[in-house]
Amino acid sequence: MEKGERRRPAPPPFRTATLQQEAAKQLSFSAAVTMRIAQQLYEGVEVGAEGPVGLITYMRTDSVRVADSAVAQAREFIGQEFGKRYLPDAPVVHKGGKSNSRVQDAHEAIRPTDVLRRPEGLKEHLDARQFKLYQLIWRRFVASQMTPAVFETTKVDFDLGRYVFRATGSRVLFDGYHVLYHEAHEPEDAKTLEDLPPIPPLAQGDVVTLKQITPNQHFTEPPPRFSEASLVKELERLGIGRPSTYAAIISTLKTRWYATAKDRRFAPTPLGETVWQVMKRSFPAVFEVGFTAQMEDELDKVEEGDLGWQTVLGDFWGPFSRALDAVDVQKLIHDVHDLSGLHKEKCPTCESGLVVRSGRFGPFIACARYPECRFTRPLRRDKVPDKPTNEVCQECGAPMVIKTGRYGEFLACTRFPACKHTRPVPLGVKCPKCGVGDLAERRTKKGRNFFGCLRYPECDYSTWTRPVPVACPSCGFVGMEEKQTKARGVSRKCLKCGHEIQVEEAVTPAETVAG
């Protein structure tokens with residue numbers, strides 16, 4: 001058995017990228033919402049008789065440096081409010097997290113303009129989202145000047161003859177900056193010292209009782225899809241964009257429908273996949289992560305006078321114009337949409353050949369004898385067939401079918417277009433609040449998915465976590481929220497009584513060391 005001590009230093013104050021990541025993980029704010037609220041806090045909020053007051057420093061920055069006066073004020077506040085144990089002997093100096101030397105360092109880190117303006121004292125002057133973001137910024141900055149958290153780590157080897165099993169655990173010796181601030185983690189993030197369970201007191205040679213052996217088999221899984229937080233982190237790592245453009249990049253993906261967010265994870269749309277195929281095939285040198293990062297670097301050099309803008313444009317336009325001239329649009333459409341057999345097909349109306357034409361909404365297949373023959377059909381044939389259901393239209397009484405649209409499956413009346421009634425597909429779980437309506441997946445105005453009662457607005461029950469039609473072992477209600485994390489595995493919580501059960505244990509810290 002081995003025991004050790006690990007210290008976890010306080011994180012630096014926020015930069016733009018880290019603010020967007022933490023706001024996404026802790027507050028479920030999109031990057032655009034985070035920057036909009038931060039702009040409001042920076043420009044000023046009416047604070048009673050004081051009038052408009054700017055509450056935070058400039059929010060578009062790559063820097064983690066802080067003015068000496070702000071550090072001194074934070075240290076004085078920590079000493080008075082938390083005591084000497086939480087105050088380091090000297091000011092904490094944080095190093096920038098970006099390896100790229102060309103960072104936007106004109107502005108210091110994002111911090112409150114006055115540490116003495118505590119979030120609780122400003123709550124009556126801020127709306128709910130402004131308060132949450134200001135509280136996050138304030139706590140992170142004050143915590144950045146506090147002492148590290150200290151953990152005792154324990155490693156125990158169990159000799160079972162043929163195999164040696166190892167268990168690791170930890171417990172908090174001193175909370176340090178954790179008294180004020182905790183970082184958030186996503187399910188795919190690696191375990192931290194806080195995630196390890198404590199190990200009961202043991203001594204060398206103790207005999208332990210085997211209670212249970214739980215076999216688990218784990219396979220290599222593909223990387224999880226990006227969330228807003230992990231996408232901002234990846235953009236920064238690859239050198240794509242700047243603090244002022246991260247939110248715009250993500251907004252473009254959504255508004256142009258290149259990607260859609262479901263369960264707070266991005267997934268490519270059919271349009272996004274098609275655009276990727278076209279661009280990658282025709283402009284491989286441009287549609288490449290390295291090109292974007294290189295362009296960012298060259299523009300920085302132009303700004304600093306180290307490189308002429310004519311040279312940058314000339315180096316880009318020469319190869320790009322040649323690639324543009326080489327594009328055969330008809331061949332590109334045939335390749336992307338796999339129309340290799342189109343020349344064998346005949347128009348079902350007049351038996352003439354079929355060709356690809358372009359229209360207001362993109363390319364489509366049409367009769368070669370147009371305009372004499374007006375037969376057309378869309379390029380895509382992969383339309384999902386309708387699924388019959390037992391549901392009845394609430395407006396006309398006709399049967400309803402499940403159709404697949406831009407945002408997934410939905411119920412539609414079979415009398416369309418005479419009846420245009422639609423509604424979400426029920427999940428097979430009754431509303432725990434009213435007991436009458438069914439729960440279904442819905443979307444907010446911002447495009448985020450949630451689960452709510454179909455009797456809205458009569459019943460306003462909603463939850464962010466997907467319910468599953470499983471009976472609660474405690475109260476018998478059919479409906480439980482299901483969550484999965486690396487730290488806890490798969491767990492379910494009853495929508496009615498709150499009873500929790502563990503479905504699948506997380507990967508335990510015990511591992512085979514030797515055979």
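**Two helix pairs and a buried histidine**

In this predicted model, helix α6, spanning residues 228–238, packs against helix α7, residues 246–255, at an angle of about 125 degrees, and their axes lie 10 Å apart. Angles of 65 to 115 degrees count as roughly perpendicular and those over 145 as roughly antiparallel, so α6 and α7 are classed as oblique to each other. The crossing of these two helices, α6 and α7, is right-handed. On the α6 side the contact involves E228, L231, V232, L235 and E236, which meet Y246, I249, I250, L253 and K254 of α7. Sorted by character, the residues of this contact comprise seven nonpolar and three charged, with no polar ones.

A second pair of helices can be read in the same terms. Helix α1 (residues 16–27) and helix α5 (residues 128–143) cross at roughly 120 degrees, their axes coming within 11 Å, and α1 is therefore oblique to α5. The crossing of α1 and α5 is right-handed. From α1, the residues T18, L19, E22, A23, Q26 and L27 take part in the contact, and from α5 the residues K132, L133, L136, I137 and R140. The contact of α1 with α5 divides into six nonpolar, two polar and three charged residues.

Outside these helices, H94 sits in the loop between α3 (68–81) and α4 (119–122). Because buried means under 20% relative accessible area, H94 counts as buried at 18%. Apart from neighbours within four places in sequence, H94 is in contact with A10, P11, P12, P13, V64 and S144. With S144 there is also a polar approach, in which a polar atom of the H94 side chain lies 2.9 Å from the backbone oxygen of S144.

Definitions and conventions: Residues numbered from 1 in each chain as written. Predicted model: local features only at pLDDT ≥ 70, side-chain atom pairs only at ≥ 80, totals over all residues. Heavy atoms only, no water. Axes fitted to C-alpha atoms, helices over the stretch in contact; angles between N-to-C directions. Helix = DSSP H or I, 4+ residues; strand = E, 2+ residues; numbered from the N terminus. Parallel < 35°, antiparallel > 145°, perpendicular 65-115°, else oblique. Left-handed = near helix turned anticlockwise from the far one by under 90°. Contact = heavy atoms within 4.5 Å. Nonpolar A, V, L, I, M, F, W, Y, C, P; charged D, E, K, R; others polar. Buried < 20%, exposed > 50% of the residue type's maximum accessible area, 1.4 Å probe, protein only. Polar contact = N/O pair within 3.5 Å; in protein donor to acceptor, adjacent residues only side chain to side chain.
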